[in-house]
Amino acid sequence: MSGRYAFAKGLREVRFLFCQTGEHSAATRSFLSRAYPIMKKNNPSTPIMLREAQGTVPKIYARYGLGQEKSQSLEGLSDKQIEEAVTQLVKNETS
């Protein structure tokens, strides 16, 4: 599991947006409570920001060099699907 969350070298920042109480963000909160410590341990110099706001639809943003950014909605995904989406987003570098 340790290599699963090794970020691409060009990744500068990861942001998770979600609601702290809403049901639509429950899988995202579950994923983050399980995976955040592993992600941070494997990528100590990359900022991983968690932004909670009432009514926010769960989403992840990945910022790369030169200000390029990719995002993906996590709404309606299961914990496993969120893991796959996050893994794909943080391992891919933009060209």
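**Figure 1. Surroundings of Gln 72 in the predicted model.** In this predicted model, Gln 72 touches Lys 59, Ile 60 and Ala 85, when residues up to four places away in sequence are not counted. Gln 72 itself is found in strand β4, a strand that covers residues 69-73. Lys 59 and Ile 60 fall within strand β3, which spans 59-64, whereas Ala 85 falls within helix α2, residues 79-91. The side chain of Gln 72 is not fully covered: with a relative accessibility of 30%, the residue counts as partly exposed, because that class lies between the limits of 20% and 50%. A further distance in this view runs from Gln 72 to Leu 89, whose C-alpha atoms are separated by 8.2 Å. These two residues are 17 places apart along the chain.

**Figure 2. Arg 15 and its polar contacts.** Arg 15 lies in strand β1, which is formed by residues 11-18. Its side chain has polar contacts with two glutamates: one of 2.5 Å to the side chain of Glu 13, and one of 3.2 Å to the side chain of Glu 69. Glu 13 belongs to the β1 range of 11-18, and Glu 69 to the β4 range of 69-73. Apart from residues up to four places away in sequence, Arg 15 touches Met 49, Lys 59, Ile 60, Tyr 61 and Glu 69. Among them, Lys 59, Ile 60 and Tyr 61 are in the β3 range of 59-64. Although Arg 15 carries a side chain of the kind counted as positive, it counts as buried, because its relative accessibility is 17% and the limit for buried is under 20%.

**Figure 3. Phe 7 ahead of the first strand.** Phe 7 is found in the segment before β1. At 11% relative accessibility, Phe 7 counts as buried. With residues up to four places away in sequence left out, Phe 7 touches Val 14, Met 39, Asn 43, Thr 46, Ile 48 and Val 90. One of these partners, Val 14, lies in the β1 range of 11-18, and another, Val 90, lies in the α2 range of 79-91. The C-alpha atoms of Phe 7 and Thr 87 are separated by 8.3 Å, while the two residues are 80 apart along the chain.

**Figure 4. Thr 87 in helix α2.** Thr 87 lies in helix α2, made up of residues 79-91. A polar atom of the Thr 87 side chain is 2.8 Å from the backbone oxygen of Glu 83, and Glu 83 is within the range of the helix. Outside its neighbours within four places in sequence, Thr 87 is in contact with Arg 4 and Tyr 5. With a relative accessible area of 17%, Thr 87 is buried.

**Figure 5. The β3-β4 loop at Leu 66.** Leu 66 has its place in the loop between β3 (59-64) and β4 (69-73). Its phi is positive, at about 60 degrees, although Leu 66 is not a glycine. Most residues other than glycine have a negative phi. Leu 66 is exposed, with a relative accessible area of 88%.

**Figure 6. Glu 75 after strand β4.** Glu 75 lies in the loop between β4 and α2. At 45% relative accessibility, Glu 75 counts as partly exposed. Beyond residues up to four places away in sequence, Glu 75 touches Val 57 and Pro 58. Glu 75 and Arg 34 are 41 residues apart in sequence, and their C-alpha atoms are 18 Å apart in space.

**Figure 7. Overall frame for the close-up views.** The protein chain has two helices and four strands, which run β-α-β-β-β-α from the N terminus on. The C-alpha atoms fill a box of roughly 35 × 30 × 20 Å along the principal axes. The radius of gyration is 13 Å, which agrees with the value near 12 Å for a compact globule of 95 residues. Of these 95 residues, 39% count as buried. Among contacts between residues at least 6 apart in sequence, 71% join residues at least 24 apart. The accessible surface comes to about 5,200 Å², and 49% of this belongs to carbon and sulfur atoms. There are 14 positive and 9 negative side chains, with the centres of the two sets 8 Å apart.

Methods: Residues numbered from 1 in each chain as written. Predicted model: local features only at pLDDT ≥ 70, side-chain atom pairs only at ≥ 80, totals over all residues. Heavy atoms only, no water. Rg over C-alpha atoms; globule rule 2.2 N^0.38 Å. Buried < 20%, exposed > 50% of the residue type's maximum accessible area, 1.4 Å probe, protein only. Contact = heavy atoms within 4.5 Å. Areas by Shrake-Rupley, 256 points an atom, 1.4 Å probe, with all protein chains shown as cover. Charge placed at Lys NZ, Arg CZ, Asp CG, Glu CD. Polar contact = N/O pair within 3.5 Å; in protein donor to acceptor, adjacent residues only side chain to side chain.
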